[in-house]
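Let us take a friendly walk through this structure together. Keep the sequence and the 3D view at hand as you read.

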Amino acid sequence: MKCLKLIIVTFSFLGLVKQINAQQIDSMMNVYAEGFPKEKIHVHFDRPYYNTGDTLFYKVYLLAVNEPSILSKNLYVEWYDTSGVLVKQTVSPLFQATAKGSFEIPANYKGAFLHVKAFTRWMLNDDVAYLYQKNIPINGGAVVVGKMPEPTKIELFPESGVLVEGLNSRVAFKAINQSGLPVKVKGVLVDAQRKVLDSLKVQHDGMGVFMLRPLAGQQYQLNWTDEFGRSGVTKINDIKKEGVVLTVRTNNEKAFLQFERSANAGETFKQMNLLVHMNQTLMYKVGLKMVERNFQRAEIPIDELPTGIIQFTLFTSDWIPVAERIVFVNNHTHDFSAKLNPIYTNLKKRGLNSFEIIVSDTTMTNMSVSVYDASANSTDPHSIFSSFLLSSEIKGYVHNPSYYFQSDADSITSKLDLVMMTNGWRKMNWEQIKAGIGPQLKYMPENEFMSLKGSVFGIKPGMVKDQQLNFVLAAKDSSKSLLFAAIDGNGNFQQPGLFFYDTVKVFYGFNNNSKLSGATQVKIENGLLRKENGAKVNLGSIPPVWGGVDSMAIVRMNYFLSEQEKLRRLMASTTLSEVVVKAKTKSKLEVLDETYASGLFSRGDGYSFDLTDGMAAPIDILTYLQGKVAGLQISGSGAGANLNWRGGVPDIYLNEMRADVGMVATIPVTDVAYIKVFRPPFFGSGGGGASGAIVVYTKKGGGSSKGGQNVKGMESTILAGYSRFREFYNPVYDKSAASFEPDTRNTLYWNPYIITNKRSPRYKIEFYNNDVSTKLQVVLEGINANGKMTRVVRVIE
């Protein structure tokens, strides 16, 4: 907690900063900050707008207290239709607080949007309003553009939360339609005698402010007309007879606070307390003496605070909260610099383009980049800044939140303050804190990947003493793994560290006790949250269409579809003189990969080496690899060798089992059949992978590759794992390869994992244009190891 020195302003007197008498509030706030850190999510989609039948690609970022979260290992994404019915749930492992995925939009989907909800198990302890939720527009549905027919309403928000008789207050308002989208209005504030007290003027997206000093016995209302010519009346209610009003203004260095209490306020309003807190952490504590004066001012330094929302909560002397205000502070502690430098650009048909991503900061970064047709996509109203710093911190729909992070201009800052005044935020439960009640947690964080867990039914608890279950997990590619789990006195078992995609067939049996298999039933789960398709939820207050879709974008999206159909018809009507189709023969490396590699080891971005023909000299594996893999540095020899790739140590696997340098360094290459080296990051197993992986396969006897799935004498069941996702297809058009298929890709390039660090600060990307695009947009987003964010947008035309 920082030490605060208050500046005494003319006509004001403020007591010195002091320790709060109710010390339990201090300690309990620490309990919440340390015991219930809030996780927040941002999702980077490969583009803002989709057609039915498209594949949607995405990258998820997870922060906790403004740092990459180490709390959760599993991420859940749910996809709902317009009526709130679950279409699909996907589950992904988190790698460096990030995950990737895809969703295939059904070709017969009729909705105007897809509702996306992303969360971790730990986040379910919080209000559902703070889960990541977004509506993604889908072309082909009933997208409404232009005039909205729903009725307009105006919501009112006194600056400090209340209106008090005799005290001047700023009142913010928000004019919205029934869908929650902003509406322009104009009008006046009048009293019961129809006297005009102030005018009503929208400053931005339906929001504005007016001044009101309510008098005892008087009534007030707003008379207004919306942009469609419809008139309305909004009455002003809930005016308190006594209390206090808090007003806050800010500049780059200070927050200027003003306190005013009513003259008839009770004794508890004459000695007050102010808490200034951020991310559940107490920043300042202030005692206010208002015995002789009912009006005070103060200045609080904010120039050293982290970027984000800061809360000012005012209490009476008996610690009853009576006023609250939130303010956004932007000291640029949240971002790091990244550059998108073009190497060459070519917007001709299937022209080759290349960019270099440069990060001067030496901290490791984890980023994603997309390139899409700029004409067919409206500007995305969300960004990594708005998701982490705004949308995840306040309740209620914020229209076009990325707008408030475009610049530091005073005009934008003042509009962001309107958002602070017209939306709810993470309210502290002060009654619970005063009573010494800690956070009520229903869900524990998933700090491990999947686990093999379950129960044994059908026998008495005492009969399972010292019993153990044996498991064989057989994947679809016939690869197998063996696990063991001890059974406790209640018949339960759990073995953590499970990691696989899609489904596996699980064979199980009791160790050295086959009689138990026939006398019992075994329930097996993977430990993940699962929701059945068809489940229904309330989609909440997010407008069905976020308002960023414009008519030209829809026209352009439809142009893509018509152009694709036109090209197909043209190719169908073209007579080719002669077409020779040749079957492709599998290379020896492809045969080796099918023979030895399984699961996620059977594919990936990297190098493959065939050693089946032996070597002229008896060297070790590390000596063989020296100089064959770009960027891989090997120093020393034998078990004492040191490996470095892109600033880290690559993982080592022997026959797809985790190993170390010492285990593979002693194996002669004459015993090795195949080596695969995966570029970072590598997702083949549940741990590591940040610096790639080296997988060594020893020769198999008899040339046998993979056995069948049957395991004799054991019961079996099917177990689901992590969701398998489609990989983005990035075509390569060179002189040796011709394609007669029309290319109308809307997304030209998508790479969810771009890693840089001190040793490798640059990353090169290459992509080819399609057949129709003349204007492209490149979007780079990401985080670094310290939780700082970046977003870079570049247009090619």
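What follows goes from sheets to loops and then to aromatic rings. Please keep in mind that this is a predicted model.

A good place to begin is a sheet of four strands. It is open, its strands follow the order S45-S28-S47-S48, and they pair in the antiparallel sense. At the edges you will find strand S45 (747-756) and strand S48 (789-796), each of which pairs on one side only. On average, neighbouring strands of this sheet are turned by 10 degrees against each other, direction ignored. Helix H2 (residues 384-391) packs on this sheet, where it touches strand S47 (776-784) and S48. The direction of H2 makes about 145 degrees with that of S48.

Now look at one pairing within that sheet. Strand S28 (residues 365-373) and S45 run antiparallel and are joined by seven bridges. If you would like a spot to click on, find Val369, which stands opposite Asn751 in S45.

From S28, follow the chain into the loop that leads to H2, and you will meet Asn377. Is Asn377 buried or exposed? Its relative accessibility is 6%, so Asn377 counts as buried, the cut-off for buried being under 20%. The side chain of Asn377 has polar partners as well. One of its polar atoms lies 2.9 Å from the backbone oxygen of Asp373. The side chain of Asn377 also makes a polar contact, at 3.0 Å, with the side chain of Asn746.

Another open sheet has three strands, in the order S26-S27-S46, and here too the pairing is antiparallel. Its edges are strand S26 (339-344) and strand S46 (762-768), each pairing on one side only. From one strand to the next, the twist averages 25 degrees. S26 and strand S27 (residues 352-358) run antiparallel, with five bridges joining them. Among the residues to look for here is Leu340, whose bridge partner in S27 is Ile357.

Strand S21 (residues 271-278) makes another good stop. How many of its eight residues are buried? The count is seven, and the strand is mostly covered. S21 is joined by eight bridges to strand S22 (residues 281-289), and the two run antiparallel. Within this pairing, Val276 has Tyr284 in S22 as its bridge partner. Together S21 and S22 form a hairpin with two residues between them. One residue in the turn is Asn279, with a positive phi of about 55 degrees. S21 also pairs with strand S24 (residues 308-315), in the antiparallel sense and over five bridges. There, the bridge partner of His277 is Gln311 in S24.

Positive phi values turn up in loops as well. Ala97 sits in the loop between strand S6 (86-93) and strand S7 (98-104). Its phi is near 60 degrees, a positive value in a residue other than glycine. With a relative accessible area of 5%, Ala97 is buried. Asp205 belongs to the loop between strand S14 (196-201) and strand S15 (207-212). Asp205 is not a glycine either, yet it has a positive phi of about 45 degrees. At 25% relative accessibility, Asp205 counts as partly exposed, a class that lies between the 20% and 50% cut-offs.

Finally, turn to the aromatic rings. Rings count as a pair if their centres lie within 6.5 Å, and by this rule there are 25 aromatic pairs. Take Tyr58 and Trp79, whose ring centres are 5.7 Å apart. Their planes stand at 55 degrees, so this pair is tilted. Tyr58 belongs to strand S3 (residues 55-64) and Trp79 to strand S5 (residues 74-80), so the pair ties together parts that are 21 residues apart in sequence. Both of these residues, Tyr58 and Trp79, are buried. They also belong to a cluster, in which ring pairs link Phe45, Tyr58, Trp79, Phe103 and Phe725.

Some rings have a charged side chain over their face. Lys628 lies over the face of Tyr624, 4.3 Å from the ring centre. Over the face of Tyr607 you will find Arg679, at 4.7 Å from the ring centre.

Terms used: Residues numbered from 1 in each chain as written. Predicted model: local features only at pLDDT ≥ 70, side-chain atom pairs only at ≥ 80, totals over all residues. Heavy atoms only, no water. Phe/Tyr/Trp six-rings, centres within 6.5 Å; stacked < 30°, edge-to-face > 60°. Buried < 20%, exposed > 50% of the residue type's maximum accessible area, 1.4 Å probe, protein only. Lys NZ or Arg CZ within 6 Å of the ring centre and 35° of its normal. Pairing = 2+ DSSP bridges. Axes fitted to C-alpha atoms, helices over the stretch in contact; angles between N-to-C directions. Contact = heavy atoms within 4.5 Å. Polar contact = N/O pair within 3.5 Å; in protein donor to acceptor, adjacent residues only side chain to side chain.
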